[in-house]
Amino acid sequence: MSTTLSACIEGIGVLGPGFPDWPAAARVLGGDAPWEAAATVLPPPACLPSAERRRTGNVVRLTLAVGLEAARSAGIDPAKVPAVFASSGGDGQNCHEICETLASAARELSPTRFHNSVHNAPAGYWGIATGCTAAANSLCAYDASFGAGLIEALCQVAIERTRVLLIAYDTSYPEPMRSVRPIPDAFGVALSLAPGASEAAHAQLELAWS
């Protein structure tokens with residue numbers, strides 16, 4: 001018995017080394033431009049209130065950038081669309097800072113560090129930034145995190161017959177954790193998925209297994 005899930009990709013967001021956005025990434029991936037090595041530049045989260053903006057780390061800046069680009073590309077209101085967040089490790093920099101604090105003589109942990117340490121922190125900031133009250137799932141499956149997120153998003157599209165934003169991301173770890181989890185730079189991709197076919201879609205996606 002085989003199972004097939006399908007959706008159309010209406011919008012895409014990309015941010016990573018040498019990829020400032022999806023149009024630039026599309027030119028490189030399509031062979032129309034060479035890839036040029038450049039560090040990922042994470043834009044400030046202007047969509048957040050100033051108090052929240054000061055508390056954000058790289059993962060929040062990354063997820064907001066690619067998620068909002070995908071929503072704009074699809075022409076959808078991010079406040080009305082469920083989202084799935086997928087990351088293999090969450091906020092490595094914040095984890096590093098917490099470990100350093102706990103290993104020091106002064107072990108008082110910042111409340112901001114603590115609330116940013118949970119894996120679903122980007123989903124929470126997404127709700128604040130967009131005003132979205134739709135469901136937001138956050139998951140982790142190590143190197144299979146993108147695949148797990150894609151399956152989750154496609155299941156929601158198929159069962160609920162609704163658009164879903166998939167936001168997958170990872171950021172680099174400082175040493176000494178980088179030596180065992182060598183993620184060299186931040187990279188994120190977001191897909192706005194919709195049920196059925198659409199003339200405005202970039203592609204039709206099908207996932208099958210037996």
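This report walks through one helix pair and the salt bridges of the structure above, which is a predicted model.

**The packing of helix 3 and helix 6**

Two packed helices are described by the angle between their axes and the distance between the axes. For helix 3 (residues 58–74) and helix 6 (residues 121–130), the angle is about 55° and the axes lie 10 Å apart. That angle makes helix 3 oblique to helix 6. The crossing of helix 3 and helix 6 has a right-handed sense.

If you would like to select the contact in your viewer, the helix 3 side consists of V59, V60, T63, L64, G67 and L68. Facing them from helix 6 are P122, Y125, W126, A129 and T130. By residue class, this contact of helix 3 with helix 6 has eight nonpolar and three polar members, and no charged ones.

**The salt bridges**

Charged side chains come into the picture with the salt bridges, and the structure holds three of them. Here they are with their N to O distances.

| Basic residue | Acidic residue | N to O distance |
|---|---|---|
| R163 | E10 | 2.7 Å |
| R55 | E52 | 3.3 Å |
| R181 | D143 | 2.9 Å |

Let's start with R163 and E10, whose side chains meet at 2.7 Å. R163 sits in the loop between helix 7 (145–160) and strand 4 (164–170), while E10 belongs to strand 1 (residues 3–15), so this pair ties together parts that are 153 residues apart in sequence. How exposed are the two partners? R163 has a relative accessible area of 36% and is partly exposed. E10, with 8% relative accessibility, is buried, because the cut-off for that class is under 20%.

Next come R55 and E52, with 3.3 Å from N to O. R55 is partly exposed at a relative accessible area of 33%. E52 also counts as partly exposed, with 21% relative accessibility.

That leaves R181 and D143, with their closest N and O atoms 2.9 Å apart. Which parts of the chain does this pair tie together? R181 is found in the loop between strand 4 and strand 5 (187–194), and D143 in the loop between strand 3 (136–139) and helix 7, so the bridge links parts that are 38 residues apart in sequence. Is R181 buried or exposed? R181 is buried, at a relative accessible area of 16%. Its partner D143 is exposed, with a value of 61%.

Key: Residues numbered from 1 in each chain as written. Predicted model: local features only at pLDDT ≥ 70, side-chain atom pairs only at ≥ 80, totals over all residues. Heavy atoms only, no water. Axes fitted to C-alpha atoms, helices over the stretch in contact; angles between N-to-C directions. Helix = DSSP H or I, 4+ residues; strand = E, 2+ residues; numbered from the N terminus. Parallel < 35°, antiparallel > 145°, perpendicular 65-115°, else oblique. Left-handed = near helix turned anticlockwise from the far one by under 90°. Contact = heavy atoms within 4.5 Å. Nonpolar A, V, L, I, M, F, W, Y, C, P; charged D, E, K, R; others polar. Salt bridge = Lys/Arg side-chain N within 4 Å of Asp/Glu carboxyl O. Buried < 20%, exposed > 50% of the residue type's maximum accessible area, 1.4 Å probe, protein only.
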